[in-house]
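These are my notebook entries on one chain, written with the sequence and the model open side by side. I take up single residues, then the overall form, the charged pairs and the surface.

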Amino acid sequence: MQEAKIKQPAVINECTPNGFSFKHLPRKSKSPTGRTHGGGIALIFRDSIKLLSWEPLIIVTSFEAVQVTLQTQGYAFRVVILYRPPPSVKNKLTVTQFFKEFASLLESLAACNSKVVLIGDFNFHIDKPDDMNVVKILDLLASCNFTQHVRHPTHQRGHILDLVITNDVSFISSLIVDDAAIFSDHYPVIAELSAPKPCRPRREITYRRISAISTGSLSHDLDSITEFTDPPHDVHGAIHVYNTKLGQLLDKHAPSKRKVITIRRDANWFTPEIAIAKRKRRSAEKQWRKSKLEIHRQIYLESCKHTNALIRKAKSSYYQNLIEDNANDHKSLFRIVSSLSTSSSAQLPSHTSELELSERFCSYFTDKITDIRAELDSQVSTITFDDVEANTSASLSSFQSMSPEDIHRIVRDAPSKSSFADPFPTSFIKLCLDKLLLIICQIVNNSLETGVVPQCLKTAIITPLLKKPTLDAEVLARAF
């Protein structure tokens with residue numbers, strides 16, 4: 001997409017279907033206030049298509065462009081998305097400057113061994129073969145063995161402005177211009193590439209049948225573990241017994257299993273009525289494309305409007321009911337609002353392996369904490385405390401021991417959420433809390449008395465999240 005004009009994260013989430021990802025290159029602002037008026041290049045692609053590279057062409061000034069390498073089932077090809085703003089007194093762009101920079105781009109693309117697709121709004125009337133600029137751009141393409149495939153008007157005023165260019169004629173198996181589209185003054189150009197069709201993503205998962213755990217059987221096994229009623233007196237021994245024994249019980253009652261699943265992302269708001277409307281819309285589209293009659297075009301447009309209205313109504317009704325059902329649950333409301341305004345799929349930097357990415361994040365955040373500490377230390381050295389009166393009349397020398405009743409109340413009132421690092425699901429810990437009170441109380445009191453927190457309680461599983469969906473995930477210092 002060109003001239004995306006996307007500023008709000010909620011808009012990005014709304015226009016990105018389930019199972020797809022979004023990449024955006026906003027237009028650089030030349031205003032002192034930093035505000036932009038339009039602009040920006042966006043790419044929406046299926047999650048099963050791997051994005052190998054995303055390279056904005058920052059050296060060109062007469063047009064906006066980004067070079068992307070995509071891969072589907074091991075087959076890689078290059079896509080260049082381009083937008084040329086019309087020259088004006090305000091932007092001070094010239095056609096001569098464009099042809100010079102575009103020629104350099106074509107020369108570099110001509111040297112590529114892979115298939116290349118160059119798409120975008122060039123703002124030339126390609127339908128006017130006598131136009132000097134049209135002749136020049138077509139000659140330039142021919143000299144580099146590139147072919148322009150669009151033959152029908154792509155604008156409401158009857159001109160061909162949007163082009164699809166390849167370095168191999170056979171790479172485009174079919175191309176149509178959907179002149180019945182009503183959401184822009186430019187028509188969508190739909191091209192089918194001669195590349196392997198991406199498969200639905202598959203992933204190996206590890207799971208446990210937690211719901212199959214019998215509370216009675218679990219309670220009986222807990223009674224047989226004497227260490228829970230007579231726990232070790234040191235905190236390290238107690239926490240080791242707690243984690244080890246509960247881990248063994250979890251493996252017994254809900255053993256870990258592996259399987260490969262196909263990821264299917266369904267829309268919860270989708271209704272049978274929408275499915276029927278979409279089939280009728282597709283039938284109307286086929287009839288219009290076959291007959292090319294205006295009456296069939298109008299029928300198709302009305303079918304599009306009807307289907308879109310049903311989808312908007314279904315979405316609105318679904319989320320309205322969801323919000324009403326969770327009106328008193330603030331955490332659920334927060335998750336609902338977050339799902340509407342941000343993408344559900346985590347955007348991570350490109351990486352060769354999960355281990356390599358984890359080490360990169362670890363190094364970045366370790367260095368960040370070191371720099372913050374160094375900065376604070378330098379500031380503390382310049383601060384004097386002459387005017388501060390010290391009050392040493394009160395001291396914190398000991399903690400009051402926790403009773404089993406205190407532990408029971410705290411655990412009961414705590415949320416039932418669990419972490420992968422937990423030895424057993426929290427919901428079952430609550431159900432069998434009476435069997436575990438003594439050892440939990442021993443761990444807490446020993447830790448308070450000795451001032452020692454075991455290392456296993458200092459670890460956490462962290463999921464990196466972008467500060468804003470529009471930020472470049474490759475730049476860790478800005479994005480995370």
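Is K278 buried, partly exposed or exposed? I looked up its relative accessible area and found 35%, so K278 is partly exposed. I note that the model is a predicted one.

**Entry 1: K278 in its setting**

I placed K278 in helix 6. I then took the distance from K278 to L106, and their C-alpha atoms are separated by 41 Å. Along the chain these two residues are 172 residues apart.

**Entry 2: overall form**

I went through the secondary structure and recorded 13 helices and twelve strands for the chain. Is the chain more spread out than a compact globule, or less? The radius of gyration is 31 Å, whereas the globule rule gives 23 Å for 480 residues; the value for the chain is well over that, so the chain is more spread out than a compact globule. Along the principal axes, I read a span of about 95 × 65 × 45 Å for the C-alpha trace. Of the 480 residues, 32% are buried.

**Entry 3: salt bridges**

Side chains of opposite charge can pair when their charged atoms come close. I therefore searched for pairs with a side-chain nitrogen of Lys or Arg within 4 Å of a carboxyl oxygen of Asp or Glu. The count comes to twelve salt bridges.

I looked at R289 and D178, whose side chains meet in a salt bridge with an N to O distance of 3.1 Å. This pair links distant parts of the chain, with the two positions 111 residues apart in numbering. R289 belongs to helix 6, residues 272-291, while D178 sits in the loop between strand 9 (172-177) and strand 10 (189-193). Is D178 buried or exposed? Its relative accessibility is 11%, and because the limit for buried is under 20%, D178 counts as buried.

I turned to R258 and E204, which form a salt bridge whose closest N and O atoms are 3.5 Å apart. R258 lies in strand 12 (residues 257-262) and E204 in strand 11 (residues 202-207), so this salt bridge ties together parts that are 54 residues apart in sequence. I found both R258 and E204 to be exposed.

I also examined D223 and K435, where the closest N and O atoms of the salt bridge are 3.0 Å apart. Which elements does this pair link? D223 is in helix 4 (residues 215-223) and K435 in helix 12 (residues 433-450), distant parts of the chain that put the two residues 212 residues apart. With a relative accessible area of 29%, K435 is partly exposed.

I then checked for shared partners. D178, R282, E285 and R289 are joined into one network by salt bridges that share partners.

**Entry 4: surface patches**

Which residues form a positive surface patch? I listed R46, K197, R200, R202 and R264. From this patch I followed up R202, whose place is in strand 11. Its relative accessibility of 57% is above the limit of 50%, so R202 counts as exposed.

I next recorded a nonpolar patch on the surface, formed by L293, I295 and I299. Together these three residues have about 270 Å² of accessible area. L293 is located in the loop between helix 6 and helix 7 (294-325). At 45% relative accessibility, L293 counts as partly exposed.

**Entry 5: backbone angles**

I looked for positive phi values in residues other than glycine. K292 has one, of about 60 degrees. K292 is in the loop between helix 6 and helix 7. With 57% relative accessibility, K292 counts as exposed.

Q73 also has a positive phi without being a glycine, with a value near 50 degrees. I found Q73 in the loop between strand 4 (64-72) and strand 5 (75-83).

**Entry 6: the start of the chain**

Where does Q2 lie? I placed Q2 in the segment before helix 1 (9-15). Q2 counts as partly exposed, at 22% relative accessibility. I then took its C-alpha distance to L82, which is 7.3 Å, although Q2 and L82 are 80 residues apart along the chain.

How values were computed: Residues numbered from 1 in each chain as written. Predicted model: local features only at pLDDT ≥ 70, side-chain atom pairs only at ≥ 80, totals over all residues. Heavy atoms only, no water. Helix = DSSP H or I, 4+ residues; strand = E, 2+ residues; numbered from the N terminus. Buried < 20%, exposed > 50% of the residue type's maximum accessible area, 1.4 Å probe, protein only. Patch = residues over 30% accessible without salt bridge, like charges linked within 9 Å, V, L, I, M, F, W, Y side chains within 5 Å. Areas by Shrake-Rupley, 256 points an atom, 1.4 Å probe, with all protein chains shown as cover. Lys, Arg positive; Asp, Glu negative; His and termini not counted. Charge placed at Lys NZ, Arg CZ, Asp CG, Glu CD. Rg over C-alpha atoms; globule rule 2.2 N^0.38 Å.
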